[in-house]
Amino acid sequence: MVDVATTEDALLGGRVRLRQPAQGYRAAIDPVLLAAALPAAYRGRIADLGCGVGAAALCAAIRLTDAAVVGVERDPFLADLARQNVAANALHARVEIVASDIRAYAGDAAFDAVIANPPYLEAARANAQPDARKAAATIEAEAALDVWVDAALARLRPKGIFAMIHRADRLDDLLGALRGRAGEVVVFPLWPKTGVPAKRVIVSARKGIRSPLVLAAGLVLHEADGRYTAAAERVLRDGAALSL
């Protein structure tokens, strides 16, 4: 394995142990929030596309004890770290990591839910990144946003749940990619603080469903002094589901 410095971190109040590269892109709260988009006590098979070191996949498995999760990651080094994280959290029985590009993944196409935290910057608008893995995690390359949506929907069973966390300023692109293909769409803003515009949104939808879009109240993440709000703590530390 490539010799890269790593750190041992924790998510969900210490219930998830996570080894990840010390430099470049590092999982923080986005994968925890993404996993919380799935309802409490959700059952079924879940795919986490572009799973990285497995943060969202592991959070989903810890929260949802009757669910099985497949994480798909094209970077062999990150996929290997994800497998180590599965072992460290004793989740072999319910979490599998597959080293594959999301477009080439040939696994079962009948997942009950597909979640994704894709690169969020368009290449034309992004500054160059000296760290190749951080660039791959944050800047779209040949797989643009619509490619991620295509890959997710292709692996969902009818009426299955799609959930993606993304930048708020890409919301129009994301909804456009879903239009006519999924419904029961919920847009869930993540407000940094009260009165501050959302920088992130979670969008959930169901494949093949036709129903009106809902703009949810969302979640305020921080108090004025920078501390997490009580509502955010319940999600980030206690594993509560978001109100989508």
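In helix 3 of this predicted model, the buried positions (under 20% relative accessible area, 1.4 Å probe, protein chains only) are Phe77, Leu78, Ala79, Leu81, Ala82, Asn85 and Val86. Helices here are DSSP runs of H or I with at least four residues, strands are E runs of at least two, and both are numbered from the N terminus. Helix 3 comprises 13 residues (residues 76–88), and its end C-alpha atoms lie 18 Å apart; this agrees with the 18 Å expected at 1.5 Å a residue, the expected span being 1.5 Å times one less than the number of residues. The N-terminal end of helix 3 is capped by aspartate 75, of which a side-chain oxygen is 2.9 Å from the backbone nitrogen of phenylalanine 77. Alanine 90, with a positive phi near 55°, follows the helix.

The protein chain contains 7 helices and 11 strands, and 50% of its 244 residues are buried. Of the contacts (heavy atoms within 4.5 Å) with a separation of 6 or more, 70% join residues 24 or more positions apart.

The largest nonpolar core, a set of buried Ala, Val, Leu, Ile, Met, Phe, Trp, Tyr and Cys residues joined through side-chain atoms within 4.5 Å, has 52 residues. Helix 2 (residues 55–63) provides the largest share of this core, 8 residues. A second, separate core of 29 residues includes Leu49, Val72, Ala116 and Phe162.

Residues are numbered from 1 along each chain as its sequence is written. Local features need pLDDT of at least 70 and side-chain atom pairs pLDDT 80 or more, while totals for chains, interfaces and linings use all residues, and side-chain values use heavy atoms, without hydrogens and water.

Technical notes:
Polar contact = N/O pair within 3.5 Å; in protein donor to acceptor, adjacent residues only side chain to side chain.
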